[in-house]
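Colleague: Could you take me through one part of this protein slowly, as you would for someone new to structures? I'd love a close look at a single residue and its surroundings.

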Amino acid sequence: QVQVVESGGGLVQPGGSLRLSCAASGSIFSIYAMGWYRQAPGKQRDLVASITPGRYSNYADSVKGRFTISNAANTVYLQMNSLKPGDTAVYYCKVTIETMTRRQYDYWGQGTQVTVSS
């Protein structure tokens, strides 16, 4: 069993910064990828940024130049700068685990609320 726990959300004014953290623990053979998604009310869950252990990263166009994803061991971070009201959403962490037989499984965190408002 794999546990995924996020932290770091909150309320911030426009132009401010927040740092999200996500730690994976449990029966992990290897991590294939880690990523952050977000879901605003009434909208679908969309990719914000992802990273592989080889440090290849990918960003949604709307956050390029403002957000930075990084990882250390089984933890992934999302540094969010120059936040806008449009960034308000519940942010979810997804960890893709790869087994010895190369099968992949996704595990999601419980979500953390980010609200950007004055």
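Modeller: Happily! Let's start with lysine 94: leaving aside neighbours within four places in sequence, lysine 94 is in contact (heavy atoms within 4.5 Å) with Ala33, Met34, Gly35, Tyr37, Asp106, Tyr107 and Trp108. Please keep in mind that this is a predicted model, where local features need pLDDT of at least 70, side-chain atom pairs count only at pLDDT 80 or more, and totals for chains, interfaces and linings use all residues. Residues are numbered from 1 along each chain as its sequence is written, and side-chain values use heavy atoms, with hydrogens and water left out.

One of those partners deserves a second look: the side chains of lysine 94 and tyrosine 37 make a polar contact at 3.2 Å. Such a contact is a pair of N or O atoms within 3.5 Å; within protein, one must be able to donate a hydrogen and the other to accept it, and residues adjacent in sequence count only if both atoms are side-chain atoms.

Is lysine 94 buried or exposed? Lysine 94 counts as buried because its relative accessibility is 16%; buried means under 20% relative accessible area, exposed over 50%, and partly exposed in between (1.4 Å probe, protein chains only).

Lysine 94 is found in strand β9, residues 89-98. Strands (E, at least two residues) are DSSP runs, numbered from the N terminus. The largest nonpolar core has 29 residues, and Tyr91 and Val95 are among those with the most contacts inside it. β9 gives the most to this core, with five residues. Such a core is a set of buried Ala, Val, Leu, Ile, Met, Phe, Trp, Tyr and Cys residues joined through side-chain atoms within 4.5 Å.

How values were computed: Helix = DSSP H or I, 4+ residues; strand = E, 2+ residues; numbered from the N terminus.
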